[in-house]
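Dear colleague,

Please find the structure below, handed over for your own inspection. My notes on what was found in it follow.

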Amino acid sequence: MSNGKSSCAQCSRRVNLWHPDPIPSPAPPTHKFGLNATPEFTGDRYKQACNRLLFYVIRGLIVSLIFGFSNAYALDSTLQNGLNWLQGQVQTDGSIATEANSVATQFQVRTETAYALRDLAVAPSSLIDAIQAESENNNEYASRRLLVSTSSVSAPDVLNELTIRQNPDGGFGGMPLYQSNPIDTAYALMAAKTLAGKGYNVSQIVSYGLAYLGSVQSAEGSWARDSQGDIFVTAVVLSAVQEWYSVYSVGAMTAKAKDWLMVGRTAGSYPQVMDTAAVLYALSGLTNATDILGPLADNLRSTQGSDGS
């Protein structure tokens, strides 16, 4: 991409199955947040989240290439060039060559790269080892480690941590007793999806997490940063919520989010690459309409640099 960042991850269509299981109302808080409480989602925390761009840009690229523009799962020149660039960024010690230039943390950059390489090629063992060696254990990082490699992470430990860290309102913050926010809650739901796939019971985590997200979604359909509806945040949360179509009736929540994202487009897309990629990935799970996905895909592909980034 023109901003020097890229990423890749396989996109698979989510099957929108419906079951009438209700989403319970969040439990009322039983304690006040202490000195460790953080603002909902502000400042550097948001900058780090925004630079998950590495993952979402390539996810969006894959959607755009598979969605009516090439044979399913075929790597055309656009995607192959992006994959080649990304593979070249991984160093022998598991670091990423350009990670120091990102406002995202090194761990975020490494995990986004691993997601992409795992799904399109092979994630080098050095990269996986570097990710698993990270000692920070906040909600997001614990979820990311599980999403990268289920074989090298203790799933029961992650399940226990998620259970302990879930706030009384059903949401998740960065650490225990931190104020709940949509992004950390979305990551918890993604991790829970992986745990469910391994046979663990995550119903309480998910049902109350979804209830929290429903309670903080605006009437228009967005999820907020700094109390303002945010395109990137809404798209990321929408992607996480959609993972639970087959178990919970989240249709009203996702429909409102989709409508809000549609209203925010300019000429069918968005000025920021990260917004375009995140929305393209999110909406691809809700619609196949060419008039919706096409402009987003075209915008995204037009930003790729000559080196594939």
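Which residues in α10 and α12 meet each other? From α10 the residues are Ile 231, Phe 232, Ala 235, Leu 238, Ser 239 and Gln 242, and from α12 they are Met 274, Asp 275, Ala 278, Val 279, Tyr 281, Ala 282 and Leu 283. By class, this contact of α10 with α12 comprises 10 nonpolar, 2 polar and 1 charged residues. Please bear in mind throughout that the model is predicted.

As to the geometry of this pair, α10 covers residues 231-242 and α12 covers residues 273-283; their axes come within 8 Å and cross at roughly 25 degrees. Angles under 35 degrees count as roughly parallel, and α10 is therefore roughly parallel to α12. The crossing of these two helices is left-handed.

Helix α8 (residues 182-197) takes part in two further packings, which I describe in turn.

The partner in one of them is α6, residues 139-148. The axes of α6 and α8 lie 9 Å apart, at an angle of about 30 degrees. The two helices are therefore roughly parallel to each other, and α6 passes α8 in a left-handed crossing. On the α6 side, the contact is made by Asn 139, Glu 140, Ser 143, Arg 144, Leu 146 and Leu 147. On the α8 side, Asp 184, Tyr 187, Ala 188, Met 190, Ala 191, Thr 194 and Leu 195 contribute. The residues of this contact divide into 7 nonpolar, 3 polar and 3 charged.

The partner in the other is α9, residues 203-216. Here the angle is about 150 degrees, with the axes 10 Å apart. Angles over 145 degrees count as roughly antiparallel, and α8 and α9 are therefore roughly antiparallel to each other. Their crossing, too, is left-handed. Pro 182, Thr 185, Leu 189 and Ala 192 of α8 meet Ile 205, Val 206, Gly 209, Leu 210, Tyr 212, Leu 213 and Val 216 of α9. This contact of α8 with α9 has 9 nonpolar residues and 2 polar ones, but no charged residues.

Two points concerning aromatic rings remain. The charged end of Lys 193 sits over the ring of Trp 244, at 4.7 Å from the centre of that ring. In addition, the structure holds 2 aromatic pairs.

With kind regards

Conventions: Residues are numbered from 1 along each chain as its sequence is written. This is a predicted model: local features need pLDDT of at least 70, side-chain atom pairs count only at pLDDT 80 or more; totals for chains, interfaces and linings use all residues. Side-chain values use heavy atoms; hydrogens and water are left out. Rings of Phe, Tyr and Trp (its six-membered ring) pair if their centres lie within 6.5 Å; planes under 30 degrees apart count as stacked, over 60 as edge-to-face and the rest as tilted. A charge sits over a ring if NZ of Lys or CZ of Arg is within 6 Å of the ring centre and within 35 degrees of the ring normal. Axes are lines fitted to C-alpha atoms, for helices over the stretch in contact, and angles run from 0 to 180 degrees between N-to-C directions. Helices (H or I, at least four residues) and strands (E, at least two) are DSSP runs, numbered from the N terminus. Angles under 35 degrees count as roughly parallel, over 145 as roughly antiparallel, 65 to 115 as roughly perpendicular and the rest as oblique. A crossing is left-handed if the near helix is turned anticlockwise from the far one by less than a right angle, and right-handed if clockwise. Contact means heavy atoms within 4.5 Å. Ala, Val, Leu, Ile, Met, Phe, Trp, Tyr, Cys and Pro count as nonpolar, Asp, Glu, Lys and Arg as charged, and the others, Gly among them, as polar.
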